[in-house]
Structure formats: C-alpha cells, structure tokens
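Please walk through the model below, from its annotated span to its helix, its charged pairs and a few single residues.

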Amino acid sequence: MEYWDVYDKKGKWKRRVIKKGERLKNNEYHIIVEGWILRDDGNFIIQRRALDKKSFSGMWYCSAGGSVISRETPKEGMVREFKEELGIDISEDELSLKRIITERNTIFYIYLVRKNISLDEITLQEEEVMDVDLADPSKIKKMVEDKTFIGLDYYEKFFKGI
C-alpha cells in the first residue's frame, strides 16, 4: 500500500498521511512530480501510459511522473519515478526545477533533465508504461491537438522557457 503526505497550499507538511486514493479535505494537497528528459538533438523522451492505467490510459505523457510517497522529497520522488518507469538512473543534481503549479488538491513539481539517453537504454515498467518515443515541442503540441498526448496548461510556458 502506498501512502502520501498531506500538505497545505504552500507545500508545508500538515503532519498527516493518507492512503493512496483517499480523498483529501479542502485546503489539503499532495505532491505529483513530472520529469522531462531533453536530449541535445532537441527531442524529449516521452512515454505512452499503459492501457490499464486508471487515468489517461494509452495516452502519451512526459518522460516520467507520479505521486511523491510519504517521507519522500519531490526530488527523491522524481528520481524514483525515472528508475521505476524507465529503468534509468537520474541523480538529484541532474534535476532542474522549472515550475511549481498548485491545482485542485495537487502541487505539481515540474523538472527538466538535460541528458542524452538512447531509447535502447530504457527498460519499461510494463504496468505503467507501454512505449517510449522521441518528440520535439512542435510534435508534442500536435499530439496534444490530436488528443493523443495529455494536454496540460503549463506546456506552452515550459517549452518557451527552455
């Protein structure tokens, strides 16, 4: 069973832990991390979510992402998600925090990693990820328009800021 720490809107731990999926109260938040790996050729590594995922099944997404578990920092959670979902080792020092977004009951930490990783180096966690590919920002924008890529509001500013 996975547990999440509960935070206030400013990201301060409220000294409360809940089970994954348990409903958060008003003014309670949990943390989700999203990581984008950008290669020197201008392409991002993107993943396609497994078909049996509860949300956004079969859709394309950033390189890796997920919930931060109890007693874990956002950076530790991001390192863990890269290892679990793609089988790759990313150090905390390689993570560059690009945005923090608070939406509904979630605080999103958005990270960029500049690293040349070949798709051959990736080992998929099949319960979570069914495929990986390379895409530049214009391809990702088109995929969002085609509704094959999860579309989030921060993308435009994120891609312009790189």
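The paragraphs below take these topics in turn.

The model is predicted. According to the UniProt record, an unreviewed entry, the annotation "domain: Nudix hydrolase" covers residues 28–159. In the model, that span is 20% helix and 34% strand, and its end C-alpha atoms lie 29 Å apart.

Helix α1 takes up residues 74–86, which makes 13 residues. From its first C-alpha to its last it reaches 18 Å, close to the 18 Å expected at 1.5 Å a residue. Its buried residues are P74, G77, M78, R80, E81, F82, E85 and L86. Charged residues are among them, including R80, E81 and E85. The buried residues of α1 pack against five strands, namely β3 (30–38), β4 (44–49), β6 (64–67), β8 (106–114) and β9 (129–135). Just after the helix, G87 takes a positive phi of about 70°.

Charged pairs come next. Side chains of opposite charge can pair when their charged atoms come close. With a cut-off of 4 Å between a side-chain nitrogen of Lys or Arg and a carboxyl oxygen of Asp or Glu, the count comes to twelve salt bridges. Helix α1 holds one of these pairs: the side chains of E84 and R80 meet at 3.3 Å, N to O. Both residues lie in α1, four residues apart, about one turn of the helix. R80 counts as buried because its relative accessible area is 16%, under the limit of 20%. E84, in contrast, has a relative accessible area of 36% and is therefore partly exposed. The pair belongs to a network of salt bridges that links E72, R80, E81 and E84.

Another salt bridge joins E94 and K115, with the closest N and O atoms 3.1 Å apart. E94 lies in the loop between α1 and β7 (96–103), and K115 in the loop between β8 and β9, so the pair ties together parts that are 21 residues apart in sequence. E94 is partly exposed because its relative accessibility is 28%; K115 is also partly exposed, at 26%.

R39 forms a salt bridge with D41, and here the closest N and O atoms are 2.5 Å apart. Which partner is buried, and which is partly exposed? R39 has 17% relative accessibility and so counts as buried, whereas D41, with a relative accessible area of 43%, is partly exposed.

Y111 leads back to the strands that α1 packs against, since its place is in strand β8 and β8 is one of those strands. With a relative accessible area of 3%, Y111 is buried. Leaving aside neighbours within four places in sequence, Y111 is in contact with V33, E34, G35, W36, P74, K75, M78, L95, S96 and L97. Of these contacts, P74 and M78 are among the buried residues of α1. The C-alpha atoms of Y111 and L134 are separated by 17 Å, and the two residues are 23 residues apart along the chain.

The last stop is on the surface. M1, Y3 and V17 make a nonpolar surface patch of about 330 Å². Y3 has its place in strand β1 (residues 3–7). Why does Y3 count as partly exposed? Its relative accessibility is 37%, which falls between the limits of 20% and 50%.

Notes:
Residues are numbered from 1 along each chain as its sequence is written. This is a predicted model: local features need pLDDT of at least 70, side-chain atom pairs count only at pLDDT 80 or more; totals for chains, interfaces and linings use all residues. Side-chain values use heavy atoms; hydrogens and water are left out. Patches are made of residues with over 30% relative accessible area and no salt bridge: like charges are joined within 9 Å, nonpolar side chains (Val, Leu, Ile, Met, Phe, Trp, Tyr) within 5 Å. Accessible areas come from the Shrake-Rupley method with a 1.4 Å probe; for residues, only the protein chains shown count as cover. Helices (H or I, at least four residues) and strands (E, at least two) are DSSP runs, numbered from the N terminus. Buried means under 20% relative accessible area, exposed over 50%, partly exposed in between (1.4 Å probe, protein chains only). UniProt positions are given in the numbering used here, feature names are shortened, and annotations may be inferred rather than shown by experiment. The expected span of a helix is 1.5 Å times one less than its number of residues. Contact means heavy atoms within 4.5 Å.
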